[in-house]
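This report goes through one protein model, with attention to its strand pairing, its cysteines and its buried residues. Please keep the sequence and the structure in view while reading.

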Amino acid sequence: MPCGGLSKELKTSVFGEADPACDKMTQEQCAHRNNVSQEPHVYKVGIYGWRKRCLYLFVLLLMVLILVNLALTIWILKVMNFTIDGMGHLRITEKGLKLEGDSEFLKPLYAKEIQSRPGSPLFLQSSKNVTVNILNSKNNVVTQLVAGSNGIEAHSKLLEVKSNTGKLLFSADEREVVVGADRLRVLGAEGAVFSNSIETPHIRADPFKELRLESPTRSLFMEAPKGVEINAESGNLQATCRNEMTLESKDGEISLDANNIKLPRLPKGTYSAAGAKQKVFEVCVCPNGRLFLSPSGTGSTCQISSSVCL
């Protein structure tokens, strides 16, 4: 059928719109034209040109960054000495954490127990203070130890120092201070100063050193329920005072045990026997306890020379 014989509706359905030029074409020309118009159009999909080059450059840059990052990670692990047991000087053991060498803590450290390696000392060092606080159940400080540049301060109800065997060496609380050592030595050039009384069973100086008990502005009292013994085994014993010296024994006696007992400044009585100069005296005691010398005679001359007691 010639192309011109197609109905108008068919032309419209095949070509969309009636083609006036088709009316003048032969049937073969019209069919070839219809086949060409019905072939699909192919579009190329992909990245070409400068986009492709940018993509390759980006992938290459990403690979370089990955390699650098991996190398830095390996270097950090090597420098920090990361292992399965820990890192650096820090080791994780069954008993806790183990630090080898010097360690610095910039923030508070909370631990149940801190101890050094066997045979090595434990050092705590700080540029300012080292403070140890003991808290109660209400988080109140009950005991505090502060070691600073000005000294060591301890705040507690009781302070005790014991030996390795458990013997008490020193104890201090609000009521008393106890020194439990066998010997207390005071090395100061000025000795020891006690503002109140002191109780001790024995006071002794070092060998070849003098022992001096002195009260510059007040009185000095030595008393004991069973007696006071003053003994100088290899030296002299000297007791001096400005006003009065009293030796008193309420239930017993006063014993002066020496080869020679000298009282050089005792006053002498006025009585003297006629004749030669008197060289022998007797010691007399006044009713008020005062001692004086009286020239000896066939009998006691204390009553004759009692004018000294007035």
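## Pairing of β4 with β5

In this predicted model, Ile-134 has Thr-143 in β5 as its bridge partner, and Val-130 stands opposite Ala-147 of the same strand β5. These pairs belong to the contact between β4 and β5, where β5 covers residues 141-148 and the two strands pair in the antiparallel sense over six bridges.

The two strands form a hairpin, with five residues between β4 and β5. One residue of that loop between β4 and β5 is Asn-139, whose phi is positive, at about 60°, although Asn-139 is not a glycine. Most residues other than glycine have a negative phi. As for its surroundings, Asn-139 has a relative accessible area of 60%, and because a residue over 50% counts as exposed, Asn-139 is placed in that class.

## The three-stranded sheet

The hairpin is part of an open sheet of three strands, arranged in the order β4-β5-β6 with antiparallel pairing. Its edges are formed by β4, residues 130-135, and β6, residues 151-155, each of which pairs on one side only. If direction is ignored, neighbouring strands of this sheet are turned against each other by 5° on average.

## The disulfide

How many disulfides does the model contain? The count comes to one disulfide, and the cysteines that it joins are Cys-284 and Cys-302, with a distance from S to S of 1.8 Å. The two cysteines come from distant parts of the chain, 18 residues apart: Cys-284 belongs to strand β10, which spans residues 281-285, whereas Cys-302 lies in the segment that follows β11, residues 291-295. A disulfide is a covalent bond between the sulfur atoms of two cysteines. The torsion about the S-S bond of Cys-284 and Cys-302 is about -75°, and the disulfide is therefore left-handed.

Are the cysteines of this pair buried or exposed? Cys-284 has a relative accessibility of 2% and so counts as buried, and Cys-302, with a relative accessible area of 17%, is also buried because the value is under the limit of 20%. Cys-54, by contrast, is partly exposed, with a relative accessible area of 45%.

## The largest nonpolar core

Both cysteines of the disulfide, Cys-284 and Cys-302, also belong to the largest nonpolar core, which has six residues in all and further includes Cys-286, Phe-292, Val-308 and Cys-309. In soluble globular proteins, nonpolar side chains tend to be buried together.

Within this core, the contacts of Val-308 can be followed in detail: when residues up to four places away in sequence are not counted, Val-308 touches Pro-267, Lys-268, Gly-269, Arg-290 and Phe-292. Of these partners, Phe-292 is itself a member of the core.

## The protein as a whole

The protein has three helices and eleven strands, and from the N terminus on its elements run α-α-α-β-β-β-β-β-β-β-β-β-β-β. Of the 310 residues in the protein, 7% are buried. Among contacts with a separation of 6 or more, 12% are accounted for by residues 24 or more positions apart. The accessible surface of the protein comes to about 29900 Å², and 54% of this surface belongs to carbon and sulfur atoms.

Methods: Residues numbered from 1 in each chain as written. Predicted model: local features only at pLDDT ≥ 70, side-chain atom pairs only at ≥ 80, totals over all residues. Heavy atoms only, no water. Pairing = 2+ DSSP bridges. Helix = DSSP H or I, 4+ residues; strand = E, 2+ residues; numbered from the N terminus. Axes fitted to C-alpha atoms, helices over the stretch in contact; angles between N-to-C directions. Buried < 20%, exposed > 50% of the residue type's maximum accessible area, 1.4 Å probe, protein only. Contact = heavy atoms within 4.5 Å. Areas by Shrake-Rupley, 256 points an atom, 1.4 Å probe, with all protein chains shown as cover. Disulfide = S-S within 2.5 Å. Core = buried A, V, L, I, M, F, W, Y, C linked by side-chain atoms within 4.5 Å.
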